[in-house]
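Reader: I am new to reading structures, and I would like a close look at a single part, with some of its surroundings explained along the way. Could you take me through it slowly?

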Amino acid sequence: MSLMLSQPKVDITTNVTAVASFDPPIVGPGEQTIYRVTFNALEETIDWPRKLNAPDELQMEPGAHGQIIPMLGPIQVPYTTFNTRVRASATGDFTVPEFKVQAYGHEVTVPSAQLKVVSTPPSTSPILHLAIEFAETNLFVGQPTRVRAILPGSAGVFSQGLPPVQFTGQGILVDQAASSQMVTVTSHDGMNMPTYTFQTVLTPLEAGNLSVFAQCFTGNRFAGSLVITGPAMIPAPPPPFTLLESSPVSLTVRPLPKEGELPGFTGGIGTFKLEPAKLGTNELVVGEPVKLAVSTFQYTLVPLTDEIHETPAIPFSYFDPVRGAYVDLTIPSVPVTVHAGEIPADFSTLVKTNGAFADENEPVLSGLAASPGWTGTLLPLQTSPLFPIVQLIPAGAFLGLWTWDRRRRYYEQHPDVLLRKRARRALHREWRAMRRAARDKDAARFAGSAVSAMRVACAPHYPAEPRALVGSDIVKVLGSNGQSDTVRRFFTVSDASHFAGTSTDTSGLLALQPELEKVLQQLESRL
Amino acid sequence: MKWFLLLLALCISGIGQSALRAGSPEELFRDGTAAFRVADYAGAIKAFRQSADIQPASGTLHDLGLAEWHRGHAGAAILSWEQSLWLEPFNTGTRGNLRYARKIAQLEAPELTWYEVVSTWLPANWWAWIAGISFWSAVAMVMLPGILRQPKAAWHQAVAALGLTVFLLSIPAHIGVHTRARIGFVQQKDTPLRLTPTKEAQSVTRLAAGEPARLERQRGNYLLVRTNRSEGWVERSQFALICRRQ
């Protein structure tokens, strides 16, 4: 972790800006120039458009692109460059207009860039123009060839992680292990200058015409002195690193001929020579290994019987691209004398593979499965969006049980709270029944519900069974400010209907509903 | 309303007919087996693949791998057998096929970390069930005696401890399943491993069909993969994960 923290940070917080220019800015008709756009952002975050909006006279073709993340002060700053190869069909001043691209999810404006196309352009300096040279361009598939990228000038080549110079093209394989680089002084147009050379081996893997170009990052390309004789506006400095690319080179690659292929051909292409095979000794003993050296190859032979008189011929052939034919280079037999001896246990496996015994542990292909077998999903359940939702079911159930248990324990410790709660619920029930009776003009039912409501509301204060309460109990709870007359009136009517069995005058009861509502509100507030 | 009912009936009959045409996974499995027995490997691949698409099953994928192998598609065969083992890791026949194919094609098996090896002991999705059941059992044993007004017995605590232990032990396997889900296999012969995610990019090396690699990230039509020896970009169509996204 400390190692990770000690690594310099990559700057991805600075506002992304883009710099666009033509290199060179003045060309002749039909000459190639590079339209180069550089961002201070990571390449993967930039949504570079497939097609650029440009004047019709400019023929544009995507070129190299890449990124470099150099250390600038305490942090690493990413620079990403997109090159576009441009050729103008006519003279004039052309402008690739300003456009917007997405970087880090935000819009970044790429400024406009001007190209001047004149009939007699100034001669360009060879300094910092990347060139590519192949030893051969007519190749066979699999035939390795040397390739050099040459960069005159002293700006140097920069890379991080990747090879300093990349060779880009479809159907090629670059041997990184065979690469080398050097700086030499060479003459260009009569000028001696340091020249960077990167050399490696490239192998075509597909037949056909393959296009290959080299690309690399170099330092700031400004060179020479600057003289300002009058007022001048100096534009912002160019990015410190420039992505150079060479002109593409076309390779003509032919497939290896099928006819004439010899035994022992394992893909060797080129020119091979075979020196005479050297055997460690010609006097052998059964079971004792002996070395057979041929050029840089070395074979270990173990005689398994004393009946042999020469080493076996080892077939080897290669394809000679110059002659266009396969060449047999079989390693010839060497006469030996084998004395009797015992085969050591170490070589018993060799004997087995020679077919003397079958290896029981040798893997074999199984038969068909008789049934579809175990079913399931190839997507891990854990990554399914349903998985956390399913886990919420037991979590919710346990949370509900826990909450219920907590409430139950609380009510057990505070039974009066439960009584009041139940009384409030019963009061609301009776209250609603009372209002329904009032709407139906059923005075008897209205009186009964009113009395029940008052009883259930007062019961927790004693505590007592609601039906055991009488009017005076209610009045006592209401206190001196209560509507005692109203309460008594209702109890009188209710008692009479229950106990006397005579009809009572209930005509004025419904008119007392407002007073009764106040009584019930007072009782509810005391619960 | 009539028109709506008529439309509904047509839709239902259409769905029913298409279901009948597609056939059930078992029927397709039988069709594939029959085709395989008469050496119609292309037909067998089609039937087994349809069956596995409807309902992935270890036997179907095993047989699909065999058919692919006989057609010379080493990458697809190895992928199918790995998928079969993902569902049923106890199948010795499938394991033997993988060893055989890798020996013949001179391919390596994926290099697994210790927690990935642990995750291969059981079918990948069993770990999710084991973790869920063990965790909630432990929670239940802690909570329920109190809620049910029962004295906490020794066995309650033993079950809770066992559940918690199983849950904790299953965590490395979960991580293993998660990381193994990013293992895939090269599907095409001589797949170029590119330096950058573009068609014209420089090839670092060529990968054989069936070579294992781990998916690091994706960009457009390219996947950044890490093999046992190198790292680079391959085309999306040339690489397939064991855990295909359904």
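Author: In chain A of this predicted model, 68% of the contacts with a separation of 6 or more are made by residues 24 or more positions apart. Chain A contains 8 helices and 30 strands, and buried residues make up 26% of its 527 residues.

For the close look, take one open sheet of chain A, in which 3 strands follow the order E2-E12-E9 and the pairing is mixed. Strand E2 (26–27) and strand E9 (92–96) of chain A stand at the edges of this sheet and have a single partner strand each, so one side of each is left without a neighbour in the sheet. Between E9(A) and strand E12 of chain A, which spans residues 113–117, the pairing is antiparallel and runs over 5 bridges. To follow one such link residue by residue, start from Asp93(A), whose bridge partner in E12(A) is Lys116(A).

Beyond the sheet, chain A also meets a second chain, for 36 residues of chain A are in contact with 52 residues of chain B. On the side of chain B that touches chain A, several elements supply at least two residues each, among them helix H2 (25–37), helix H9 (154–180) and strand E3 (203–207) of chain B. The largest share of that side comes from H8(B), with 9 residues. Sorted by kind, the residues on the side of chain B that touches chain A comprise 21 nonpolar, 20 polar and 11 charged.

Conventions:
Residues are numbered from 1 along each chain as its sequence is written. Chains are lettered from A and ligands numbered from 1 in the order in which they are written. This is a predicted model: local features need pLDDT of at least 70, side-chain atom pairs count only at pLDDT 80 or more; totals for chains, interfaces and linings use all residues. Helices (H or I, at least four residues) and strands (E, at least two) are DSSP runs, numbered from the N terminus. A residue is buried if 20 or more other C-beta atoms lie within 10 Å of its own, exposed if 12 or fewer, and partly exposed in between; C-beta atoms are placed from the backbone. Two residues are in contact if their C-beta atoms, placed from the backbone, lie within 7 Å. Two strands pair if DSSP finds at least two bridges between them. Ala, Val, Leu, Ile, Met, Phe, Trp, Tyr, Cys and Pro count as nonpolar, Asp, Glu, Lys and Arg as charged, and the others, Gly among them, as polar.
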